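Student: I've just opened this one and I'm new to it. Can you walk me through it?
Tutor: Sure. Here it is.

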There are 2 protein chains.
Amino acid sequence: MSDDSWVPPLVMVAVDLVILTLRAAKLHVLLVERGVEPYLGELALPGGFLNNAEEDILDAAHRELSEEANLDSPRLHLEQLGTYGAPNRDPRGRVISVAYLAIAPGLPEPVAGTDAAGARWEPVEEVLSGCVKLAFDHHGILVDGVERARTKLEYSALATAFCGDTFTIAELQQVYEAVWGVELDLRNFYRKIQGVPGFIVSAGTDRRTTKGRPARLFRAGGLTALYPPLVRPGSSTADEGE
Amino acid sequence: MSDDSWVPPLVMVAVDLVILTLRAAKLHVLLVERGVEPYLGELALPGGFLNNAEEDILDAAHRELSEEANLDSPRLHLEQLGTYGAPNRDPRGRVISVAYLAIAPGLPEPVAGTDAAGARWEPVEEVLSGCVKLAFDHHGILVDGVERARTKLEYSALATAFCGDTFTIAELQQVYEAVWGVELDLRNFYRKIQGVPGFIVSAGTDRRTTKGRPARLFRAGGLTALYPPLVRPGSSTADEGE
DNA sequence: CGAATAGTGTCTATAAGACATTATACT
DNA sequence: AGTATAATGTCTTATAGACACTATTCG
């Protein structure tokens, strides 16, 4: 079975990014129009191969984030999602892709200065529902990425990664509502959020608008794990009765 | 930057397994003594390279599970843990390792008929504390695997994967206590477990012992996600005050 | 002072934590 | 009957869900 002259197969390693953000109170994902074969002209997650045999995978993810999305804030949330390695997922040969999940605060308008032909924010709903098709197995990767984000919102302070440096409690609530696709009670949300010490800390200032009472501004506290968690409603779906 | 003649670097892909089980009410991990360089003679997680360029990664994990641990029950829990790809993690060259977490029910005594020199169950505590050293970056992989198991016990029915086909509630409690390293109140545990419909279903029979009242036997229900979750005590560690 | 937006308080139901007793089988 | 192990019940406390009012700013 094991032969002295045997050598393991060599494969290409890609990094793909699920970059989520909030735009107009809806969850969006960054997609690029492919400029090369295969799937030329089709939509895909941003990503690419390792640059060289010495590049660390996480470094490659950061590099792609910078090259393809023009996003390179060191405070950007970036975590490994999973590795996708079906033998025929790429017609160019054996490619395994390490997927990362990135969360970005709502950005100005366009995603300029990118490497890929065209990069754009697409509502996640459009892609999950199948109205917008993705190249490779990227649909499955996106599904996993969105599910990860939904889950991590419950047990971690990930929601603040969707917000700018400072944000109001109402904005934070919009994050939860958009990612989970539910409506939350404003008063219970205030109580809950402020009951978790270290989740958000006051920024001291207010945000004034043309009308109405100014909203207090907060910034993310150092807390990463949320105890007790913020349980997503409607999860009580029992699988079987008895 | 992108040149027409450029080709991505080729790397070797390994699969490593964190196989956890319960032995004598303590959490154990399966380790093998390496029979080849590098790290010859040292302890490591079971694993190996992809067999050929057409082998699926998950299939490779199952194959290693069978070859190195003699475990191949199709009902065995096996899930991807993460991918470890630091450039210098393996002296043989660029190797990225896809780690899987496997949960096995308490097995008879030895892990016989294995491919590796010697395979044995080691208490997780011994390894996490550093008393037992592992080759490569396997210590970190084990840490992640144990943490994953601890977390999934809270929100999923993973605990039943540590048990045999049928089990008592007391045995299930031992799983939680061993993996979390805490003591749980027996009465609250009974109430909680039986309050989640579909988590465990009665197997009809009892388990008789020499002394005392027989315990009712259960088997795993179809449920995978636990709602509400079983929160691990002592998690309320606030990061900062104000 | 009215409109618009921000923030808080109360009541109720459900779940968690602490704790003592009853139940069944065997010798 | 005694012992050993299995299982259940109650009280208290905390947290979640439903719901209505007060507060601040601006024109």
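Tutor: Start with the two protein chains. This is a predicted model. A turn of 180 degrees and a shift of 0.0 Å along the axis lay chain A on chain B, with an RMSD of 0.0 Å.

Student: What kind of relation is that?
Tutor: It is the relation of a two-fold axis.

Student: And how much of chain A's contact surface recurs in chain B?
Tutor: Of the contact residues of chain A, 98% recur in chain B. The same surface serves both copies.

Student: OK, what is chain A built from?
Tutor: Chain A has 5 helices and 9 strands.

Student: In what order along the sequence?
Tutor: The pattern of chain A reads β-β-β-β-α-β-β-β-α-α-α-α-β-β.

Student: What does its C-alpha trace span?
Tutor: About 70 × 55 × 35 Å along the principal axes of chain A.

Student: Now the DNA. Which residues come nearest to strand D?
Tutor: There are 22 residues around DNA strand D. The nearest are R187(A), K192(A), R187(B), Y190(B) and R216(B).

Student: How much of the strand's contact is sugar and phosphate?
Tutor: Take the atoms of DNA strand D that come within 4 Å of the protein. Sugar and phosphate account for 49% of them.

Student: Which side chains have polar atoms by a base nitrogen of strand D?
Tutor: R187(A) is one of them. An N or O atom in its side chain is 2.4 Å from a base nitrogen of DNA strand D. N188(A) is another, with a polar side-chain atom 3.0 Å from a base nitrogen of that strand.

Student: What about a phosphate oxygen of strand D?
Tutor: Look at K192(A). A polar side-chain atom of K192(A) lies 2.7 Å from a phosphate oxygen of DNA strand D.

Student: Which elements give two or more residues to that surface?
Tutor: From chain A, α5 (186–194). From chain B, α5 (186–194) and β9 (215–220).

Student: How does the surface near strand D divide by class?
Tutor: There are 11 charged, 6 nonpolar and 5 polar residues near DNA strand D.

Student: Let's switch strands. Which residues come nearest to strand C?
Tutor: Of the 21 residues around DNA strand C, the nearest are R187(A), Y190(A), R216(A), R187(B) and K192(B).

Student: And the sugar and phosphate share there?
Tutor: It is 52% of the atoms of DNA strand C that come within 4 Å of the protein.

Student: Where are the polar contacts to strand C?
Tutor: Here are some. A polar side-chain atom of Q194(A) lies 3.4 Å from a phosphate oxygen of DNA strand C. R208(B) has a side-chain N or O atom 3.1 Å from a phosphate oxygen of strand C. The side chain of R191(B) has an N or O atom 3.0 Å from a base nitrogen of strand C.

Student: Which elements supply at least two residues here?
Tutor: In chain A, α5 and β9 (215–220) each do. In chain B, α5 does.

Student: And the classes near strand C?
Tutor: The surface near DNA strand C has 6 nonpolar, 4 polar and 11 charged residues.

Student: Back to α5(A). How does it cross α4 of chain A?
Tutor: Helix α4 of chain A covers residues 169–180. Its axis and that of α5(A) come within 11 Å and cross at roughly 105 degrees. The two helices are therefore roughly perpendicular to each other.

Student: Which residues make that contact?
Tutor: α4(A) uses I169(A), L172(A), Q173(A) and Y176(A). α5(A) uses L186(A), F189(A), Y190(A), I193(A) and Q194(A).

Student: How many of those are charged?
Tutor: The contact of α4(A) with α5(A) has no charged residues. It has 7 nonpolar and 2 polar.

Student: At what angle do α4 and α5 cross in chain B?
Tutor: The axes of α4 (residues 169–180) of chain B and α5(B) cross at roughly 105 degrees and come within 11 Å.

Student: New topic. Where are there cis peptide bonds in chain A?
Tutor: One runs from E37(A) to P38(A), with omega near -5 degrees. P38(A) sits in the loop between β2 (26–33) and β3 (43–44) of chain A. Another cis bond runs from Y227(A) to P228(A), with omega near -5 degrees. P228(A) is in the segment after β9 of chain A.

Student: Last one. What is the phi of Y39(B)?
Tutor: It is positive, about 60 degrees, although Y39(B) is not a glycine. Y39(B) lies in the loop between β2 (26–33) and β3 (43–44) of chain B.

Methods
Residues are numbered from 1 along each chain as its sequence is written. Chains are lettered from A and ligands numbered from 1 in the order in which they are written. This is a predicted model: local features need pLDDT of at least 70, side-chain atom pairs count only at pLDDT 80 or more; totals for chains, interfaces and linings use all residues. Side-chain values use heavy atoms; hydrogens and water are left out. A residue is near a molecule or strand if one of its heavy atoms lies within 4 Å of it. A polar contact is a pair of N or O atoms within 3.5 Å; within protein, one must be able to donate a hydrogen and the other to accept it, and residues adjacent in sequence count only if both atoms are side-chain atoms. Helices (H or I, at least four residues) and strands (E, at least two) are DSSP runs, numbered from the N terminus. Ala, Val, Leu, Ile, Met, Phe, Trp, Tyr, Cys and Pro count as nonpolar, Asp, Glu, Lys and Arg as charged, and the others, Gly among them, as polar. Copies are superposed by least squares on the C-alpha atoms of residues with pLDDT of at least 70 in both. Contact means heavy atoms within 4.5 Å. Axes are lines fitted to C-alpha atoms, for helices over the stretch in contact, and angles run from 0 to 180 degrees between N-to-C directions. Angles under 35 degrees count as roughly parallel, over 145 as roughly antiparallel, 65 to 115 as roughly perpendicular and the rest as oblique.
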